[in-house]
Amino acid sequence: MDSEVQSESRITNKKQKKKMKNEKIRNKLNQEAVEKGAVKESENANAEPESSFPPPFSVSEIKNKQRRHFMFMKYKQEKRKEKLALKKKRKKERDALGDAAPPKPVPKTIENQRIYDETTVDPEDEEVAFDEGTDEFSAYFNKLTNPKVLITTSDRPRGRTVRFCEQLATVIPNAHVYYRRGLALKRVIPQCIARDFTFLMVVNEDRKMPNGLVLCHLPDGPTAHFKVSSVRLRKEMKRRGKDPTEHSPEVILNNFTTRLGHSIGRMFAALFPHDPQFVGRQVATFHNQRDFIFFRFHRYIFKNEKRVGIQELGPRFTLKLRSLQKGTFDSKFGEYEWVHKRHEMDSNRRKFHL
Amino acid sequence: MTGKSQVCSIWVGSETGILKGVSLAKKQAFNFCEMNSLSRDQEVCMLCWGDAQETEVLVGCANGAVKTFSTEKGIFTESRQCGDSAQGKFTGLAVTDSSLVTCVESGLLKIWKEGSTDTVEINAGSSVCRMKQNTSQRHHVATGGKETPLKVWDLERPDTPIFTAKNVRNDWLDLRVPEWIRDLAFIPDSEKIVTCTGHHQVRVYDPASPQRRPVMEAQFGEYPLTALSLPSTPGSVVVGNTQGQMAVLDLRKGLVRGCLKGLAGAVRGLQCHPTLPLVASCGLDRFLRIHSLEDRTLQHKVYLKSRLNCVLLSSRDLEACPPATDAEQEVKEEDGVGDEVWDTMETVTEKAKKRRLEEKANGAGKKTSTKKKKAVKK
C-alpha cells in the first residue's frame, strides 16, 4: 500500500515540474511545500530566488474557484507526501535500531485519558466493603436467595419488543415473561414480592423498537433505568450459533470500577444464578466502555490448549444508565441515588461515571 | 484521634452508621467509629450540637440510641437509649437548657430531663418527618409530617400546641390538597416558619398573624423537596429535592434566585453556615458539597464513601480553623502544666502566689475568661 502511494506521488511530482514553468503562483506554492518537506534539494535550489515564505496569500483568497480548488488539492497532496516521508524515515530509524528501538508510543484514546474518578473502588477499603456487604444485594451474594426474574413490557408491545423479551428470557435462567395487561408497576411490584420474584424487568418500546429498560430489584430496590439501543435479535445476526440451552450461563462484568459502576455490576450479577453450569459453555458479557454497557451472549469451545472458539448466540444490545433510584420503582416520590444530567455531567468527554 | 477531631469543621452522619468529620483546610476526612463494630442499625439519622461552645455532637442513631461525641477528645463519651427502633427513626434532636428533646417517625416527641429518668411525652401526630427547634427561643419546637400539619410546641406547656397550621384550601376540583412536610425551619428575628413539602411546595407560616394558612407559597421543580436551610442573609431559603436539584428561593415572592449545580443524587442533608454565605449539602450520591451562595459555584466536593444522611457545620470559619484550634490546644497544655506546678508547691506566701498568677495570666494571652477564673480560684 505504502509503495503504491509513493509511486503515485512521484508521478504527480513530475507533472508538477512541467507545469511549474507556466504558472508562477503554482510555482510559489509548490516550492513552499517542498521547503516544508525538504524532500529534494535540487528543486529547492531552483525555486529559491523567488521564494517568500509564507506566501503572501492564502489559498482561500484565490478568487477563481477552479484555480482555488486546484491549488488546494495540490496543497493536500504535498502534505500527504510530507507525512509519508516522515513515516518512512521513522520506520527506517526503527529498523536500523532493531531491538534497541524505543517502544512505540501508546495512542491517546478517550478511555486512557480518562479523568481520575475519586469514587473508584479500592478493593481493600473496609468502609466500601461493609457498605456493599450489607446492601440490598447482600442476600443474593450470601447465597440466601435465588434469582427469579419477571420480564414484562410497556403496554401493547409490538413484534420486536415481544421477541426481544422472549430472547431475554432464554438468556436469563428462571425468567418469566408476562403480558403487562395495562397494570401499573406500583401494583405489579407487591404481587411480585408476594411471589418471591427478585427482579422486575420492564422493556419500554417506542415506535415498535425497544428503547428503555427498567431493572428493579425486589423486595427493596434499587431500581435502575437504562436507555436501550442497537438491539439485534437472533434472527438478524450473522454466523449465529444454535439456540442457547437452559444451562445457567457464566457472567462476565467488565470495567465497572467506580462506586456507581459497582452497584450496577452487582445488579447485573444478581440477575443470574450463583453457580454457572459450565457444561452449557455459555457466557453472558456486560462490557462497560465509556459508560455504554454492551451485552453479548456467547458459546465458547476450547479447541486446544491455546485456542478458544466463540460463537455468538444473541441477542445483543447496548445499555446506557439514565438513573439509579433507591427503593423499588417510584418515579414520582422515589429518592434517586444518581441521575444522569446531560448538560451538567457531559461537559467533559473524558469523564465517565461507571 | 484528638487532633483529628479538633481540625474538623463539618460533621456528616452516614447511612452505614459512621460519623465523619471533614476538615476543609487540611482537605481531609476522618471516620469516627470502630470499623469492626459497624452495623446498619446504627445509621445516623440526626446530628445536633450538644452545647453552645460546639464541643459536643449529639448523634441520633436508627436503633434509638443518642450518642454524645466530644469534638475535643474525639471519642464517643456517652450513649443513652431514647426509644427503640420500633417507633421509627429519629426525625429531630434538640437541646434545651437542661434537657434533650427527641422526636421519632411515629410522632412521639419526648423531653429527657437531665439526671432524671422520667420523661414528658407529646404526641405530635401520626408520621412526623421533621422536628426543629427555634434557635432564638430554645423551648419552642415545630413538628410536621405526612398528613400531619405544622405544629409549634412550647416545651414548658406541652399539653397543647401554640400554633397548629391549617391545610390550604381545596383545589379547583374541590379536592383536599395532601399535606407532606418534609423539612422546616424557623426564620430568625420573626415568628415565621418556612416548610418544604413532598409535593414540591415551599410554604411560609406566620403564627403571629391570625391566618393559620400559609402566608406565602412557592413551588420548585416537580420532585419532592427533601431538605431546606436558611442562609445567614434573610429573605431567601435553600431547598433540595430527590433528583439532586438545589435552588435558592426568594421568600418574598417565591421566585427562584438561582440553582446550585453539581449534585448527582437526592439531597438528604442541607445546612447553611450561620455567618458565611456557604451551604453544605450531602445525600445519596455520597458526596459532601460546599457551594458559595454569592456566586453559587461549587467550592468543595468531598467523596465520603457511604450514603450520607445529615450534615452539621460548626459556626467558625470553615477553612481557617486549624491554626486557631492549635493555639488553643497549646494554651491548654500550658495550663495543665501550670496547675500541676501549683499543686505541688506548698510553702509560698499569699502575695507571691498572686503575682505569679497575674504573670501567668498575661503570658497565656489567648486564655478564655473561664480558665482565668479557674486559675484565680486555685
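The legends below describe close-up views of a predicted model with chains A and B.

**View 1. The contact between chain A and chain B.** Chain A brings 25 residues to this contact and chain B brings 38 residues, and together the two chains bury about 2600 Å², of which 50% lies on carbon and sulfur atoms. Of the area that chain A buries against chain B, 25% comes from E127(A), F130(A) and E337(A), which is more than any other three residues supply.

**View 2. Salt bridges and polar contacts between the chains.** Eight salt bridges are counted between chain A and chain B, one of them between R268(B) and E335(A), whose closest N and O atoms are 2.9 Å apart. On the side of chain A that touches chain B, α5 (126–133), β11 (335–339) and α10 (342–345) each supply at least two residues, and by class this side has seven nonpolar, four polar and 14 charged residues.

**View 3. Two residues of strand β10 in chain B.** I111(B) belongs to strand β10, which covers residues 108–113 of chain B, and K110(B) lies in strand β10 as well. I111(B) is buried, with a relative accessible area of 4%, and K110(B) is also buried, with a value of 13%. The contacts of I111(B) include L100(B), T119(B), V120(B) and L155(B), while those of K110(B) include L100(B), T102(B), T119(B) and E121(B). Although I111(B) and L100(B) are 11 residues apart along the chain, their C-alpha atoms are separated by 5.7 Å.

**View 4. The annotated span of chain A.** An unreviewed UniProt entry lists residues 147–330 of chain A as "domain: Brix"; the end C-alpha atoms of this span lie 22 Å apart, and the span is 18% helix and 41% strand.

Methods
Residues are numbered from 1 along each chain as its sequence is written. Chains are lettered from A and ligands numbered from 1 in the order in which they are written. This is a predicted model: local features need pLDDT of at least 70, side-chain atom pairs count only at pLDDT 80 or more; totals for chains, interfaces and linings use all residues. Side-chain values use heavy atoms; hydrogens and water are left out. Helices (H or I, at least four residues) and strands (E, at least two) are DSSP runs, numbered from the N terminus. Buried means under 20% relative accessible area, exposed over 50%, partly exposed in between (1.4 Å probe, protein chains only). Contact means heavy atoms within 4.5 Å. UniProt positions are given in the numbering used here, feature names are shortened, and annotations may be inferred rather than shown by experiment. Buried area is the accessible area (1.4 Å probe) that two parts lose on being put together, summed over both. A salt bridge is a side-chain nitrogen of Lys or Arg within 4 Å of a carboxyl oxygen of Asp or Glu. Ala, Val, Leu, Ile, Met, Phe, Trp, Tyr, Cys and Pro count as nonpolar, Asp, Glu, Lys and Arg as charged, and the others, Gly among them, as polar. Lists of a residue's contacts leave out its neighbours within four places in sequence.
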